[in-house]
Amino acid sequence: MPMYYKVIMECGHIGAGNNHEKVWFIKGGDPLSVLRTATRLPGVKKKHTIDSVKLIKEITRDDYRSGLAEKRLNAAAAL
């Protein structure tokens with residue numbers, strides 16, 4: 001049975017020493033597999049990858065779905 005996670009990662013590429021945090025909602029088997037997936041996402045700071053992890057939190061399927069829907073709405077509004 002898949003588990004659902006909210007992941008906050010430090011992202012970069014906005015100037016030397018500058019960064020921002022980005023939220024992803026990831027479906028995975030366990031926190032370690034989710035960590036591996038999260039560290040390969042676009043924009044995630046690669047230098048000290050483990051330091052880029054701000055949060056990995058198990059969430060419900062409903063929270064996962066609503067989080068994805070909210071991200072889609074925010075992306076559409078940004079266009």
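## Strand pairing and overall layout

Strand 1 and strand 2 pair in the antiparallel sense, and nine bridges connect them. One of the residues involved is Cys-11, whose bridge partner in strand 2 is His-20. The model is a predicted one, and in it strand 1 is also joined to strand 3, again antiparallel, by six bridges. Within that second pairing, Val-7 has Ile-56 of strand 3 as its bridge partner. Strand 1 thus takes part in pairings with strand 2 and with strand 3, and strand 1 is mostly covered, seven of its nine residues being buried.

The chain as a whole has three helices and three strands, arranged along the sequence in the pattern β-β-α-α-β-α. Of its 79 residues, 28% count as buried, and the exposed surface comes to about 5,500 Å², of which carbon and sulfur atoms supply 55%. When contacts between residues at least 6 apart in sequence are considered, 56% of them join residues at least 24 apart.

## The nonpolar core

The largest nonpolar core has ten residues, namely Tyr-5, Val-7, Met-9, Cys-11, Trp-24, Ile-26, Val-34, Ala-38, Leu-41 and Val-44. Strand 1 (3–11), strand 2 (20–28) and helix 1 each contribute at least two residues to this core, and the largest share, four residues, comes from strand 1. Two of the residues named in the strand pairings, Cys-11 and Val-7, are members of this core.

Ile-26, a member of the core, has contacts with several parts of the chain. Leaving aside neighbours within four places in sequence, Ile-26 is in contact with Met-3, Tyr-4, Tyr-5 and Val-7, and also with Val-34, Thr-37, Ala-38, Leu-41 and Tyr-64. Among these contacts, Tyr-5, Val-7, Val-34, Ala-38 and Leu-41 belong to the core as well.

## An aromatic pair between strand 1 and helix 3

A search of the whole structure finds one aromatic pair. Tyr-4 and Tyr-64 form this pair in a tilted arrangement, with 4.7 Å from centre to centre and 45 degrees between the planes. Because Tyr-4 lies in strand 1 and Tyr-64 in helix 3 (residues 61–78), the pair ties together parts that are 60 residues apart in sequence. Both tyrosines, Tyr-4 and Tyr-64, are buried, and both are in contact with Ile-26.

## The salt bridge between strand 1 and strand 3

The structure holds one salt bridge, in which the side chains of Glu-10 and Lys-54 meet at 3.1 Å, N to O. Glu-10 is located in strand 1 and Lys-54 in strand 3 (residues 53–59), so this pair links parts of the chain that are 44 residues apart in sequence. The two partners differ in their exposure: Glu-10, at 17% relative accessibility, counts as buried, whereas Lys-54 is partly exposed, with a relative accessible area of 40%.

## Surroundings of Lys-45

Lys-45 is placed in the loop between helix 1 (31–39) and helix 2 (49–52), and with a relative accessible area of 24% this residue is partly exposed. Residues up to four places away in sequence aside, Lys-45 touches Glu-10, Cys-11, Gly-12, Asn-18, Asn-19 and Ser-52. One of these contacts is thus Glu-10, the residue whose side chain meets that of Lys-54 in the salt bridge. The C-alpha atoms of Lys-45 and His-20, which are 25 residues apart along the chain, are separated by 9.9 Å.

Gly-12 is found in the loop between strand 1 and strand 2 and counts as buried at 8% relative accessibility. Gly-12 and Lys-45 are 33 residues apart in sequence, while their C-alpha atoms are 5.7 Å apart in space. Apart from residues up to four places away in sequence, Gly-12 touches Asn-18, Asn-19, His-20, Gly-43 and Lys-45, so that Asn-18 and Asn-19 are contacts of Gly-12 and of Lys-45.

Ser-52 lies in helix 2 and counts as buried, at 2% relative accessibility. With residues up to four places away in sequence not counted, Ser-52 touches Ile-8, Met-9, Glu-10, Val-44 and Lys-45. Among these contacts, Met-9 and Val-44 are members of the nonpolar core, and Glu-10 is the residue that pairs with Lys-54 in the salt bridge.

Terms used. Residues numbered from 1 in each chain as written. Predicted model: local features only at pLDDT ≥ 70, side-chain atom pairs only at ≥ 80, totals over all residues. Heavy atoms only, no water. Buried < 20%, exposed > 50% of the residue type's maximum accessible area, 1.4 Å probe, protein only. Contact = heavy atoms within 4.5 Å. Core = buried A, V, L, I, M, F, W, Y, C linked by side-chain atoms within 4.5 Å. Salt bridge = Lys/Arg side-chain N within 4 Å of Asp/Glu carboxyl O. Pairing = 2+ DSSP bridges. Areas by Shrake-Rupley, 256 points an atom, 1.4 Å probe, with all protein chains shown as cover. Phe/Tyr/Trp six-rings, centres within 6.5 Å; stacked < 30°, edge-to-face > 60°.
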